[in-house]
Amino acid sequence: MKYIFLPILFSVIIMSSCQYSQTAEDKKIDFKVDSVMRLMTLDEEIGQMVLYSSDWDVTGPSLKKGYMDEIRKGNCGNIFNAHTAAFTHKLQKIAVEESRLHIPLLFGYDVIHGHKTIFPISLGESASWDMEAIEKSACVSAAEAAASGINWTFAPMCDISVEPRWGRVSEGAGEDPYLGSKIAAARVHGFQGKSLADTLTVLACVKHFAGYGAPLAGRDYNTVDMSERVFLDTYLPPYKAAIDAGAMSVMSSFNELNGIPASGSVYLLKDILRKHLHFKGFVVTDYTSINEMLNHGVVANEAEAGKMAAKAGVDMDMQGEVYYKYLKKQVESGEVPLQAVNEAVHRILKVKFLLGLFDDPYRYCNEAREKREVYSPAHLEASLDVAKKSMVLLKNSNNTLPLKKDEKIAVIGQLATSTRDLLGSWKAAGDWNFMKSVLDELKAYNGDANVTYAEGCKVQGDDRSGFATAISSARGASKIVYVLGESCEWSGEATSRTSINIPGVQTELLEKLKALNKPIVLVLMNGRPLDLSKESELADGILEAWFPGTMGGKAITQVLFGKYNPSGKLTMTFPRNLGQVPIYYYEKNTGRPNYLSNPKYKSRYIDCPNDPLYPFGFGLSYTTFAYSDIKLSGKELAEKGELKASVRVSNTGNVAGEEVVQCYVRDLVGSVTRPVKELKGFEKITLKMGESKVVTFTITPDMLAFHRADMSYGTEPGNYKLFIGTNSRDLKETNFRLN
Ligand code: BGC
């Protein structure tokens with residue numbers, strides 16, 4: 001890089017954009033990037049390392065005033081929270097027509113589970129175990145966002161979590177590294193499509209790197225401390241899968257990991273991200289997380305924080321103004337090597353080329369396309385489809401569900417009429433004003449005359465004054481449909497809880513309704529595993545609907561009336577109470593497992609069973625499935641061989657249904673202790689009434705690798721158990737040996 005001022009030779013440099021696939025293409029882009037960089041001053045380079053929020057949505061402090069002027073001066077190369085084709089066009093015009101080098105802006109936004117058409121929250125989507133549906137959701141979200149000026153989404157969130165107290169479990173894919181990895185890859189494919197240069201795709205950002213899902217005590221932003229083995233074997237795989245799927249940006253998280261804040265961690269950003277995962281894109285911080293290193297107590301001032309981040313490999317400072325204020329001096333004094341800046345800018349500009357922004361900076365701000373894409377009938381249909389697939393039937397005694405058309409139902413609960421709550425947290429640009437509530441949809445389907453409604457109580461608070469009306473309105477009905485749970489504000493960032501009970505007096509009202517002796521169906525809206533011990537006793541049917549998105553009211557109605565047979569399965573364990581947390585299916589056996597005959601000295605609670613209320617992978621259907629025993633192609637797995645494990649699954653009920661067939665293994669003796677079960681495969685199948693299918697899993701040695709006692713990654717010969725079944729608890733079992 002040379003500090004030269006050249007008249008605008010830019011048009012010469014702007015060459016047609018290329019697709020990112022071959023090394024030759026890669027080299028071409030590197031060449032173009034270099035030719036731009038030769039024109040840049042140090043100030044302009046640092047400008048590319050800066051990301052400011054527009055004055056729209058913000059999730060943190062310190063709104064940069066005058067960001068438009070900074071764009072003009074070349075001090076800000078990237079904007080987030082700006083959307084609509086018109087607004088982004090206005091900002092892009094400043095960058096491209098008024099800044100010296102005309103370098104186009106990146107526009108980032110939290111398109112987490114939809115842009116305008118909102119899909120179920122990510123935890124809900126994960127419960128579909130349907131990779132095609134999840135990819136489709138990301139693909140639709142990308143198409144809408146990309147038509148509204150956005151070219152970069154801060155998703156997917158790949159944080160494994162076993163912490164229901166942590167409100168952000170709603171944004172992830174649950175507790176399991178294997179499933180989490182499949183979902184992370186599906187989301188990246190959905191967002192980025194086949195080519196970043198495609199105008200219907202957006203750049204994905206893998207977040208929050210790393211370990212953000214394991215805050216102590218479930219308190220958001222809190223300390224994360226875990227062994228390197230747990231980090232590598234359990235928390236890292238989904239981030240890796242997203243990077244392997246081609247994600248070209250990564251967000252460094254707020255948290256510290258084992259004493260070092262992520263945004264200053266050479267271990268995370270260089271050793272793991274660059275050397276181990278071979279990541280080639282750029283790293284952006286989370287919101288002001290460079291500045292927050294002061295509060296973490298690893299630096300004494302902001303300048304030091306910036307230096308630490310730059311040296312660790314942070315390429316872009318989100319909202320913190322630290323690079324903006326200090327980096328130039330630090331490079332000039334030699335405190336930060338110029339090479340670190342050059343490399344960062346190279347990575348950022350390269351992504352801009354890949355997105356085709358140098359070819360046509362306005363390609364993402366197209367008002368006609370925006371009109372066509374946003375809320376298109378096909379997108380709404382996709383959202384409805386994914387919403388239905390996300391729902392999990394937790395209980396259904398005496399076939400209370402499905403409801404029968406024209407039966408008299410009493411709808412209760414504030415959430416039945418709320419459209420805002422259907423969208424959940426991170427509603428992006430989603431608009432709840434035109435949406436239909438659960439009550440609207442139930443009435444539309446079952447007829448006004450067959451549906452009564454009373455709020456009963458609010459989601460929060462202790463006002464019981466509506467109880468009497470709710471009880472009397474339920475008297476004339478044949479079934480009660482009570483929509484309850486958490487409000488959407490209780491989910492997402494900064495919404496940690498110390499209780500995972502259903503809030504307010506909602507459960508108290510359920511107790512009163514129970515006295516009417518009528519079948520009660522609960523429709524749950526929530527973004528985390530809840531303690532449903534009481535509710536599962538009182539209710540006859542429970543449908544976990546999460547926050548199901550724009551089409552949520554209709555999706556719930558169709559599932560309740562059996563127009564869609566529920567097929568979702570939990571991706572986080574639902575405990576019996578908070579005291580069991582953290583609870584997850586891949587626990588270790590311990591030296592004193594609960595099954596020992598000794599009545600006292602073993603790993604157990606004296607006041608509660610060890611097992612959860614609803615295990616990982618659990619979910620019912622309106623039909624039933626029977627599993628045959630497992631057929632294994634052999635009992636010995638050779639070093640380079642494979643085994644085929646098959647079961648016959650039969651639909652033994654009265655309607656067609658879908659089943660997620662799950663395959664787990666257990667390594668019985670390892671050089672380090674091994675989990676009692678690990679998910680290694682799954683397949684979602686559809687079976688007509690009376691139909692059966694053989695499902696086969698291929699077991700290969702690489703699936704059994706882990707970080708061994710000496711921290712090397714690989715397998716160990718020995719005996720294994722293999723399980724196949726309907727959830728992590730109810731499984732058929734066999735065994736094999738790895739040679
Ligand atoms: C969140 C990120 C988000 C960013 C930008 C932060 O507060 O942790 O997940 O992408 O804000 O909105």
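**Exercises on a predicted model**

Helix α18 crosses helix α22 in a right-handed manner, the near helix being turned clockwise from the far one by less than a right angle. This is a predicted model in which local features need pLDDT of at least 70, side-chain atom pairs count only at pLDDT 80 or more, and totals for chains, interfaces and linings use all residues. Residues are numbered from 1 along each chain as its sequence is written, and side-chain values use heavy atoms, without hydrogens and water.

**Exercise 1.** Classify the packing of α18 and α22 by angle.

*Solution.* Step one: α18 (residues 438-446) and α22 (residues 552-560) have axes 8 Å apart, at an angle of about 50 degrees. Step two: the pair is therefore oblique, since angles under 35 degrees count as roughly parallel, over 145 as roughly antiparallel, 65 to 115 as roughly perpendicular and the rest as oblique.

**Exercise 2.** Identify polar side-chain atoms that approach oxygen atoms of the ligand.

*Solution.* Step one: a polar atom in the side chain of D286 is 2.6 Å from a ligand oxygen. Step two: for H208, an N or O side-chain atom lies 2.7 Å from an oxygen atom of the ligand. Step three: for K207 the corresponding separation is 2.8 Å. Polar contacts are pairs of N or O atoms within 3.5 Å.

**Exercise 3.** Locate the cis peptide bond between F209 and A210, and the loop that holds A210.

*Solution.* Step one: the bond joining F209 and A210 is cis, with omega about 10 degrees. Step two: A210 belongs to the loop between β5 (205-209) and α9 (228-244).

Note on methods: Polar contact = N/O pair within 3.5 Å; in protein donor to acceptor, adjacent residues only side chain to side chain. Axes fitted to C-alpha atoms, helices over the stretch in contact; angles between N-to-C directions. Helix = DSSP H or I, 4+ residues; strand = E, 2+ residues; numbered from the N terminus.
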